[in-house]
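Let's take a walk through a protein together, from the overall layout down to a single residue. Have a look at the picture first, and then we'll go step by step.

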Amino acid sequence: VFPMLTVAQSQRFTYEYTFKPDTLQQDKTLKELMNLDVTKDGSYFYSAALNARDSMFASEWEKGKNGQTIHLDLRKIRQPKVHWRIAKAHPSLETEYHSNVNAVNLAVKEPRSPQWNILPETKIIEGFKAQKAVTFYKGRKWTVWFTEEIQIQDGPYKFSGLPGLVLIAEDDQRYHVFAFVGSRKLDENSGLKDKNYQRIFVDEKKYNRLWNEYIKDPAR
């Protein structure tokens with residue numbers, strides 16, 4: 001077990017997420033920039049488009065408080081392709097999956113962390129020396145590359161628990177690929193606002209049932 005190192009300065013790590021939304025349409029691939037905001041208390045992984053939307057709402061809200069007219073043109077707001085979010089607590093690495101279903105923020109606690117097999121192979125990714133690790137998680141075989149040069153036991157999606165930050169993660173079918181593209185220091189107020197919203201915890205079975213009902217009839 002590797003010790004969780006304290007994050008002295010909050011950081012935002014950005015990943016490009018490439019995914020196939022429908023396994024029956026192999027030629028259709030989508031891309032989305034995702035943020036991993038890491039603080040001393042934990043991390044939050046979400047679509048960067050959600051962050052841009054938050055910033056626009058906050059700006060217009062400030063105008064309204066100053067007596068100016070609030071004008072929101074929803075056509076100018078790029079809609080996120082990824083609506084789920086992942087929260088992890090430090091140092092326990094307890095993970096929560098968040099998603100909005102029928103305007104309700106549902107959360108599922110993830111008791112199972114990936115069990116890693118660290119391999120000797122290394123390569124350079126974005127200037128960092130990275131090492132290979134594999135896991136079988138949630139019905140998929142995943143290969144990741146992590147770097148001990150960034151001493152944070154975290155990464156994109158639900159991946160954590162390695163002795164360094166995960167830079168690349170992909171399943172063996174390449175339906176889901178997360179690739180590190182950059183980082184910066186995180187300002188105190190620049191994180192996603194909805195991580196502090198009230199959420200309703202459900203188990204995985206109930207979440208899947210509610211989600212499938214929503215997909216069949218979104219107007220309910």
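**From strands to a small cavity**

Start at the N terminus and follow the chain: its elements run β-β-β-α-β-β-β-β-β-β-β-β-β-α. Tally them up and you get 2 helices and 12 strands. Keep in mind that what you're looking at is a predicted model.

So how are those strands arranged? Here's a bit of background: strands of a sheet pair through backbone hydrogen bonds, and they can do so parallel or antiparallel. In this protein, an open sheet of 12 strands is laid out in the order S7-S8-S9-S10-S11-S1-S2-S3-S4-S5-S6-S12, and the pairing is mixed. Look at the two ends of that order: strand S7 (117–125) and strand S12 (200–201) are the edges, and each has a single partner strand, so one side of each has no neighbour in the sheet.

Now zoom in on one pair. Strand S10 (residues 165–171) and strand S11 (residues 176–185) run antiparallel, joined by 3 bridges. One residue to find here is Ala169, whose bridge partner in S11 is Phe178.

Ala169 also turns up in another neighbourhood. Which residues does Thr143 touch, if we skip those up to four places away in sequence? They are Lys132, Ala133, Val134, Ile168, Ala169 and Glu170. Thr143 itself sits in strand S9 (residues 140–147). Pick out Ile168 from that list: Thr143 and Ile168 are 25 residues apart along the sequence, yet from C-alpha to C-alpha the gap is 8.1 Å.

Step back to the whole chain, and you can ask how often contacts bridge long stretches of sequence. Taking contacts between residues at least 6 apart in sequence, 54% join residues at least 24 apart. The chain has 220 residues, and 44% of them count as buried. On the outside, the accessible surface adds up to about 12800 Å², with 50% of it belonging to carbon and sulfur atoms.

Finally, is there any empty space inside? You can find out where it is left by rolling a probe the size of a water molecule over the atoms. Here the search turns up 1 cavity of 30 Å³ or more, with a volume of about 30 Å³. Which residues line the largest cavity? Look for Thr95, Glu110, Arg112, Ser113, Pro114, Tyr137 and Lys158. Sorted by class, that lining has 2 nonpolar, 2 polar and 3 charged residues.

Notes
Residues numbered from 1 in each chain as written. Predicted model: local features only at pLDDT ≥ 70, side-chain atom pairs only at ≥ 80, totals over all residues. Heavy atoms only, no water. 1 Å grid on protein atoms, 1.4 Å probe; cavity = no way out; pocket = protein on both sides within 12 Å on 5 of 7 lines; lining within 4 Å. Points joined across faces, edges and corners; volume = space filled by probe spheres on them. Nonpolar A, V, L, I, M, F, W, Y, C, P; charged D, E, K, R; others polar. Helix = DSSP H or I, 4+ residues; strand = E, 2+ residues; numbered from the N terminus. Buried < 20%, exposed > 50% of the residue type's maximum accessible area, 1.4 Å probe, protein only. Contact = heavy atoms within 4.5 Å. Areas by Shrake-Rupley, 256 points an atom, 1.4 Å probe, with all protein chains shown as cover. Pairing = 2+ DSSP bridges.
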